Amino acid sequence: MEIRYGTTAQHVLEEDYDENYDPTEEEVLEYSKVIGLDPVAEKDLLHIAREGIKAPLPKDWKPIEDELGNIYYFNFSSGESMWDHPCDHFYRGLLRRERKKKLE
């Protein structure tokens, strides 16, 4: 599906979610950086990155590709848009909580 903002075309992409998806170590390491996890110093928390990279989009969110090929996320119910995957915030918070637990 294509949507237009002024004269620019935006393409609504469909998420191809596979609950059996097993990300590569490289993908997990890359996503760990996205959420602020140090994959060397915090190897015991890599499970958070592994879980986060597998997370499906929440209800009403769709990936959109702009005319330059950039991907952002749009919520068709609220009208909110963001560059980060909508679940990234949750996994950053989970990482903070797990770090805090380790200090207790």
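The following dialogue examines how several labels are assigned in this predicted model.

Trainee: What makes tyrosine 72 and tryptophan 83 an aromatic pair that is edge-to-face?

Mentor: Their ring centres lie 5.6 Å apart, and the limit for pairing is 6.5 Å. The angle between the planes is 70°, and edge-to-face applies to angles over 60 degrees. Both conditions are therefore satisfied. This is one of three aromatic pairs in the structure.

Trainee: Which parts does the pair of tyrosine 72 and tryptophan 83 tie together?

Mentor: Tyrosine 72 belongs to strand S4 (residues 71–75), while tryptophan 83 sits in the loop between strand S5 (81–82) and helix H3 (88–103), so the contact joins parts eleven residues apart in sequence.

Trainee: How do you know whether tyrosine 72 is buried or exposed?

Mentor: Its relative accessibility is 11%, and buried means under 20%. Tyrosine 72 is therefore buried. Its partner, tryptophan 83, has a value of 56%; the threshold for exposed is over 50%, so tryptophan 83 is exposed.

Trainee: Why is the pair of phenylalanine 90 and tyrosine 91 called edge-to-face?

Mentor: The planes of these two rings stand at 90° and their centres are 4.9 Å apart. Since edge-to-face requires over 60 degrees and pairing requires centres within 6.5 Å, the label follows. Phenylalanine 90 is partly exposed, because its relative accessibility of 43% falls between 20% and 50%. Tyrosine 91, at 7%, is buried.

Trainee: Why is the contact between glutamate 42 and arginine 99 called a salt bridge?

Mentor: The closest N and O atoms of these residues are 2.6 Å apart, and a salt bridge needs such atoms within 4 Å. The contact therefore qualifies. In general, side chains of opposite charge can pair when their charged atoms come close. The structure contains eight salt bridges.

Trainee: Where do the two partners, glutamate 42 and arginine 99, lie?

Mentor: Glutamate 42 is in the loop between H1 and helix H2 (46–54), and arginine 99 is in helix H3, so this salt bridge ties together parts 57 residues apart in sequence. Glutamate 42 has a relative accessibility of 11% and counts as buried, whereas arginine 99 is partly exposed at 29%.

Trainee: What makes lysine 59 and aspartate 60 a salt bridge?

Mentor: The closest N and O atoms are 3.7 Å apart, and the limit is 4 Å, so the criterion is met. Lysine 59 is exposed at 70%, and aspartate 60 is partly exposed at 31%.

Trainee: How do you know that aspartate 84 and arginine 92 form a salt bridge?

Mentor: Here the closest N and O atoms are 3.6 Å apart. That value is within 4 Å, so the pair counts as a salt bridge. Aspartate 84, at 38%, is partly exposed, and arginine 92, at 23%, is also partly exposed. Elsewhere, Asp22, Glu25 and Arg50 are linked in a network of salt bridges.

Trainee: Which residues form the negative surface patch?

Mentor: The patch consists of Glu15, Asp16, Asp18 and Glu19. Patch members need over 30% relative accessible area, and aspartate 16 has 76%, so aspartate 16 passes that cut-off. Aspartate 16 lies in the loop between strand S2 (8–12) and helix H1 (25–34).

Trainee: Why is valine 12 called buried?

Mentor: Its relative accessible area is 8%, and buried means under 20%, so the label applies. Valine 12 lies in strand S2.

Technical notes: Residues are numbered from 1 along each chain as its sequence is written. This is a predicted model: local features need pLDDT of at least 70, side-chain atom pairs count only at pLDDT 80 or more; totals for chains, interfaces and linings use all residues. Side-chain values use heavy atoms; hydrogens and water are left out. Patches are made of residues with over 30% relative accessible area and no salt bridge: like charges are joined within 9 Å, nonpolar side chains (Val, Leu, Ile, Met, Phe, Trp, Tyr) within 5 Å. Accessible areas come from the Shrake-Rupley method with a 1.4 Å probe; for residues, only the protein chains shown count as cover. A salt bridge is a side-chain nitrogen of Lys or Arg within 4 Å of a carboxyl oxygen of Asp or Glu. Lys and Arg count as positive and Asp and Glu as negative; His and the chain ends are not counted. The place of a charge is taken as NZ of Lys, CZ of Arg, CG of Asp or CD of Glu. Helices (H or I, at least four residues) and strands (E, at least two) are DSSP runs, numbered from the N terminus. Buried means under 20% relative accessible area, exposed over 50%, partly exposed in between (1.4 Å probe, protein chains only). Rings of Phe, Tyr and Trp (its six-membered ring) pair if their centres lie within 6.5 Å; planes under 30 degrees apart count as stacked, over 60 as edge-to-face and the rest as tilted.
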